[in-house]
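This report describes selected local features of one protein chain. The reader is invited to follow each feature in the structure shown below.

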Amino acid sequence: MSLQAVLQQRISSAQQLLQRAETLCPGVEGHQKLCGKLRAELRFLRRVEAGELQVKESHLHSTNLTHLTAIVDAAQSLEDITALLHVFTYQDAAGRRCTLVVDVVANGGHTWVKAVGRKAEALHNIWQGRGQYGDKSIMRQAEDFLQASRQQPVHYRHPHVVFAFYNGVSSPMADRLRDMGVSVRGDIVAVNTMATEEEESAEDDEEEDKEEEEEEDDDDNEDDASELTRVDRGTVVASLAFPAQVQVEECRRVNLDITTLITYVSSLSHGRCHLAFREHVLTEQAAQERRQQVLPQLDAFMEGKELFACRAAVHDFQVILDTLGGPSEKERAEKLLARLHLVDDQPSERTQRLTPSAKINHRSLMIFGTGDSLRAVTMTANSRFVRAAANQGVHYSVFIHQPRALTEGKEWRATTCPSDCR
């Protein structure tokens, strides 16, 4: 195939891939980054087409399109995508700060996918030490992913690591990855033994040959690559596709923040949202409730789980309720509190290391820290605290919802919302 024909093929592939990516989980973190990388590839190819850049045919085959195609294919095969090309920070075994790019974060954060576009032959050669200088073995990358995932729990469970191979992976590499705890997706191909010159010259001395092989096995056992092999792409051992959804055991403990307690009993959450209040923030919350009811979301998340609340949250909730709550809101609060396990304030060790600030106050430290000690998911509308804590390196397991204030006591001076806003 001529250089021009290869170029046109790559441009067509880049255009089609960009169209797929643009409709892929819009609004998800990293979506624009992925599209931006594809546009950059397309600009490069068009500059080559216009004669602005002179490249060899091999350069066209070594663009990022293969990897980007693998990312798009992976994202289209999975559900509940939360991020693309997300950068995680972690500490390596020596305590050094490192970063890791996860191509697709799926299943609500419980699944990390690395999309691998390189051919099985190249991956296998690198693993056996026959790659180019600087090439990083897939096994080393898998170790990095596992190390990082252990430091990034989602609802107190480590994300499941999946390596998706879009140009195949050798059978011994797939076995080694699975032994490490990494799931493999893609075509798994067989390998054939390669006879080395040293082995051929030693045919006349079998005993010596056996001793050398034993020594080699001992030296290279760590990499499972003591015997040089070559990929046999024509023999596919297995083809593993993505499951529709990875099953993850759900955390059954829920810790209710004061903002959730208020939202749950608010009149706004119980049908009294077709009102315009004197306070702008309450009118805005009423409009949000008309667009999307918050109570069904809370009930769905709480269903069948143990409900907890710490004394700091319940005490301040009751103070606010006594001051601002109406009769119906107080009645709903009594029923809600009867469903909860009241626990003492017991902030976790990492919570106590947080530096207080305008967004990190004592009450929030008690509430979120107690949920962390209980290994419970904290329901909250206080996203400001969650972000501030994350900026200090503490990531809490949370369920974030929109806030609703206590409004029953202010309905007497509110006006009925015009019919066009209903």
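## Backbone and packing features

In this predicted model, Arg375 is located in the loop between helix 16 (362-373) and strand 11 (377-380). Arg375 is not a glycine, yet its phi is positive, at about 55°. Most residues other than glycine have a negative phi. With a relative accessible area of 48%, Arg375 is partly exposed, because partly exposed covers the range between 20% and 50%.

Leu85 also has a positive phi, near 50°, and is a residue other than glycine. Leu85 belongs to strand 1. Its relative accessible area is 6%, so Leu85 is buried, the cut-off for buried being under 20%.

| Residue | Relative accessible area | Class |
|---|---|---|
| Arg375 | 48% | partly exposed |
| Leu85 | 6% | buried |

Strand 1 (residues 83-91) pairs with strand 2 (residues 97-106) in the antiparallel sense, over 8 bridges. Within this pair, Val87 of strand 1 stands opposite Val101 of strand 2. The two strands form a hairpin with 5 residues between them, and Gly95 in the turn has a positive phi of about 85°.

Two packed helices are described by the angle between their axes and the distance between the axes. Helix 6 (residues 138-150) packs against helix 7 (residues 171-180) at an angle of about 20°, and their axes are 11 Å apart. Helix 6 is therefore roughly parallel to helix 7, and the crossing of helix 6 and helix 7 is right-handed. Helix 6 contributes Ile138, Met139, Ala142, Glu143 and Leu146 to the contact, while helix 7 contributes Met173, Arg176, Leu177 and Met180. Of the residues in this contact, 7 are nonpolar, none are polar and 2 are charged.

Methods
Residues are numbered from 1 along each chain as its sequence is written. This is a predicted model: local features need pLDDT of at least 70, side-chain atom pairs count only at pLDDT 80 or more; totals for chains, interfaces and linings use all residues. Side-chain values use heavy atoms; hydrogens and water are left out. Two strands pair if DSSP finds at least two bridges between them. Helices (H or I, at least four residues) and strands (E, at least two) are DSSP runs, numbered from the N terminus. Buried means under 20% relative accessible area, exposed over 50%, partly exposed in between (1.4 Å probe, protein chains only). Axes are lines fitted to C-alpha atoms, for helices over the stretch in contact, and angles run from 0 to 180 degrees between N-to-C directions. Angles under 35 degrees count as roughly parallel, over 145 as roughly antiparallel, 65 to 115 as roughly perpendicular and the rest as oblique. A crossing is left-handed if the near helix is turned anticlockwise from the far one by less than a right angle, and right-handed if clockwise. Contact means heavy atoms within 4.5 Å. Ala, Val, Leu, Ile, Met, Phe, Trp, Tyr, Cys and Pro count as nonpolar, Asp, Glu, Lys and Arg as charged, and the others, Gly among them, as polar.
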